[in-house]
2 protein chains.
Amino acid sequence: MASRWITLPYMPDHRGVLTSIESGLDVPFEIRRVFFMRDVRGERGGHAHRVTHQLLVPVAGSFRVEVSDGTESASHTMNDPHRGLLLPPMTWVRLTDFTPDAVCLVLADTLYADVSYIRDWDEFVAMSTSSRATR
Amino acid sequence: MASRWITLPYMPDHRGVLTSIESGLDVPFEIRRVFFMRDVRGERGGHAHRVTHQLLVPVAGSFRVEVSDGTESASHTMNDPHRGLLLPPMTWVRLTDFTPDAVCLVLADTLYADVSYIRDWDEFVAMSTSSRATR
């Protein structure tokens, strides 16, 4: 799996903890969209992006993330706000088991575009397999 | 005061709430740095930025923000994750009264640079007054 953990710079002191992510430095892309999910019941995700890189950060609470490149899969608990999970394009992602207080912050390198999503698993597997075959 | 509220696009559905901020669209600047503060005891801020624009978003819990341009001041409770407070450069900011679960997300249009901070109130008032006098 090409997804990987990124340890985020953070400064704990007597005032609390400040965690910082600089565009192109702490993440290997330019930040163009920031979004966060909260009050999540059930699951989120269930899709892949054709071209978008994303960084997932559990800024509060915890949740589970399952990622797949169409061949290999991995599953992680996300509960450390100083560790982000970097997802390259063509990564299928499913987010589950959100605690009631969980907030999932996501940084992405593209603006929103509905056409960039792949929402059908079989289509995703076919695309990722054919992409690997032509490498 | 030139600080102003920005209502953030959000999509509530049966899965929860997703709130999105696109660079240059939902905020009037390019996002170059993202940081968040949590476990805050006491206060944060106590400075102004010479050139940086910032958007403050209470993604969890609540806190108070006091802002001043050196002449006028305002104080707000921040507890709505769909409303961000846009702070132009040369805004003195103080953050207080964080609830234990509070997370303050900040988007900024510059990378971190220690020299861009003004940490002395008297210096800030002198600079902001002279800046207004020359307009």
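The exercises below, each with a worked solution, concern a predicted model of two chains, A and B.

Residues are numbered from 1 along each chain as its sequence is written, and chains are lettered from A in the order in which they are written. In this predicted model, local features need pLDDT of at least 70 and side-chain atom pairs count only at pLDDT 80 or more, while totals for chains, interfaces and linings use all residues.

**Exercise 1. The fold of chain A**

State which secondary structure elements chain A has, and assess its radius of gyration against that of a compact globule.

*Solution.*

Step 1. Helices (H or I, at least four residues) and strands (E, at least two) are DSSP runs, numbered from the N terminus. Chain A has twelve strands and one helix. Read from the N terminus, the order is β-β-β-β-β-β-β-β-β-β-β-β-α.

Step 2. The radius of gyration is taken over C-alpha atoms, and the globule rule is 2.2 Å times the number of residues to the power 0.38. For 135 residues, a compact globule would have a value near 14 Å; the 15 Å of chain A agrees with this. The C-alpha trace of chain A spans about 55 × 35 × 25 Å along its principal axes.

Step 3. Two residues are in contact if their C-beta atoms, placed from the backbone, lie within 7 Å. Of the contacts in chain A between residues at least 6 apart in sequence, 75% join residues at least 24 apart.

**Exercise 2. Burial and the core**

Determine what share of chain A is buried, and identify which residues of the largest nonpolar core touch the most other members.

*Solution.*

Step 1. A residue is buried if 20 or more other C-beta atoms (placed from the backbone) lie within 10 Å of its own, exposed if 12 or fewer, and partly exposed in between. By this criterion, 35% of the 135 residues of chain A count as buried.

Step 2. A nonpolar core is a set of buried Ala, Val, Leu, Ile, Met, Phe, Trp, Tyr and Cys residues joined through C-beta atoms within 7 Å. The largest such core has 66 residues, and A:Cys104 and B:Cys104 touch the most other members.

Step 3. Leaving aside residues up to four places away in sequence, A:Cys104 touches A:Phe36, A:Met37, A:Leu56, A:Pro58, A:Phe63 and A:Leu95.

**Exercise 3. The contact between the chains**

Describe how the two copies are related and which elements of chain B touch chain A.

*Solution.*

Step 1. Copies are superposed by least squares on the C-alpha atoms of residues with pLDDT of at least 70 in both. A rotation of 180° with 0.0 Å of shift along its axis places chain B on chain A, with an RMSD of 0.0 Å. The two copies are thus related as by a two-fold rotation axis. In chain B, B:Ile31 has the C-alpha nearest the axis, 3.1 Å from it.

Step 2. Chain B and chain A each give 30 residues to the contact. On the side of chain B that touches chain A, strands E3 (16-22), E4 (33-38), E6 (54-60) and E11 (103-108) each supply at least two residues. E3(B) provides the largest share, seven residues.

Step 3. Ala, Val, Leu, Ile, Met, Phe, Trp, Tyr, Cys and Pro count as nonpolar, Asp, Glu, Lys and Arg as charged, and the others, Gly among them, as polar. This side of chain B accordingly comprises 16 nonpolar, five polar and nine charged residues.

Step 4. Because 100% of the interface residues of chain B are also interface residues in chain A, the copies meet through the same surface.

Step 5. Two strands pair if DSSP finds at least two bridges between them. Strand E3 (residues 16-22) of chain A pairs with E4(B) in the antiparallel sense over six bridges, and A:Ser20 stands opposite B:Phe35.

**Exercise 4. An open sheet in chain B**

Establish the strand order of the five-stranded sheet of chain B and trace the partners of E7(B).

*Solution.*

Step 1. The sheet is open, its order is E8-E7-E10-E5-E12, and its pairing is antiparallel. Strands E8 (73-78) and E12 (117-118) of chain B stand at the edges with a single partner strand each, so one side of each has no neighbour in the sheet.

Step 2. E7 (residues 63-68) of chain B is joined to E8(B) by six bridges; B:Glu66 has B:Ser75 as its bridge partner. The two strands form a hairpin with four residues between them, and B:Gly70 in the turn has a positive phi of about 100°.

Step 3. E7(B) also pairs with E10 (residues 92-96) of chain B over five antiparallel bridges. B:Ser68 has B:Ser73 as its bridge partner in E8(B) and B:Trp92 in E10(B).
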